[in-house]
Amino acid sequence: MFGPVRHLRRTQRGFVLITVLWTGLALLLGVSAFMSSARQEALEVRSEIAMLRATELARAGLNVALADLGRVSDGQVTSARDGSPVILNMAEGQVTYRIQDEAGKVDIYLTPPAVLGPVLQSIGARAGVDAFDAVNVAQALEAASLKSSARPRSVGDALIEAGLPRQTAQIADQYLTAFNFSGRVNPPTASETVLSAIPGLGPGDVAEIMSRRAANEQMPRLGTAAAWLAERAGPVYTITAEAQLAEGARARLVAMVASRGLAFRGGLMRYEVLSHRWEDGA
């Protein structure tokens, strides 16, 4: 009689032990999953906070660039308006801003195909666009210039509508604009790509312009090329502010601004932000 009872008790203890082990394992797995989820959420929150900090640092860079752009007195130190980088070390990390004068670009609506075509060919050589396509795009833009109500506000959109691939249009946006308001380019802020496409400017002329700019000297006599060039800066500028935190988070802010005239106090030029966009800070 006692043998079956002992066997039954041992069996029951075995089941209890197995149940306890399985319950413990389930609890362990549950705790492990919770900790993993909590760790992932903490990393995501940390990443979001770092991105917000980088965003605010980029905004600070934009404000510094606006202050730089607003200095108009001869005795004030200013950066170049040709897209050259200015690097600042701040408490949160590093900021790089660039100021690009839109008058140093070719206006897609006011520049004839004789100039716009060569600029597109120069860009196309890097982006895989042949001369025939470049001429067609230049002619399409000239036709679009006659339809002011149908002009896209974005240069990239205009180039895509005219037939350029999206990737090429993004590259061309560095050299073309709709905010020059003139068919002539400002040589002190124009890029080598743009200057090389100006009729009447040879490689030696372009090299001399770039050399004089670096030395902060007056521009040379431009001869027949003067028909397409004019030393007239602004009034619209593109500012790119890139921020990088010490831990690696990045943000990039691109803003287009236009001058509103001198402030009553301070003697600084005031600027209005026409548009802005956030880009991947790669």
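## Backbone at Asn-216

Is Asn-216 buried or exposed? In this predicted model, Asn-216 has a relative accessible area of 72%, and because the cut-off for an exposed residue is over 50%, Asn-216 counts as exposed. The residue sits in the loop between α7 and β5, where its phi is positive, at about 60°, although Asn-216 is not a glycine. Most residues other than glycine have a negative phi, and most peptide bonds are trans.

## A cis peptide bond before Pro-235

The loop between α7 (203-214) and β5 (236-245) also holds Pro-235, and the peptide bond that leads from Gly-234 to Pro-235 is cis, with omega near 10°.

## Phe-181

A positive phi is found as well at Phe-181, a residue other than glycine, with a value near 65°. Phe-181 belongs to the loop between β4 (176-177) and α6 (192-196). Its relative accessibility is 49%, and because partly exposed residues lie between the limits of 20% and 50%, Phe-181 is classed as partly exposed.

## A nonpolar patch on the surface

Which residues make the nonpolar surface patch of about 550 Å²? The patch is formed by Ile-18, Trp-22, Leu-25, Leu-28 and Leu-29. One of these residues, Leu-25, is placed in helix α1, which covers residues 2-70, and Leu-25 counts as partly exposed because its relative accessibility is 38%. That value is consistent with membership of the patch, since patches are made of residues with over 30% relative accessible area.

Conventions. Residues numbered from 1 in each chain as written. Predicted model: local features only at pLDDT ≥ 70, side-chain atom pairs only at ≥ 80, totals over all residues. Heavy atoms only, no water. Patch = residues over 30% accessible without salt bridge, like charges linked within 9 Å, V, L, I, M, F, W, Y side chains within 5 Å. Areas by Shrake-Rupley, 256 points an atom, 1.4 Å probe, with all protein chains shown as cover. Salt bridge = Lys/Arg side-chain N within 4 Å of Asp/Glu carboxyl O. Helix = DSSP H or I, 4+ residues; strand = E, 2+ residues; numbered from the N terminus. Buried < 20%, exposed > 50% of the residue type's maximum accessible area, 1.4 Å probe, protein only.
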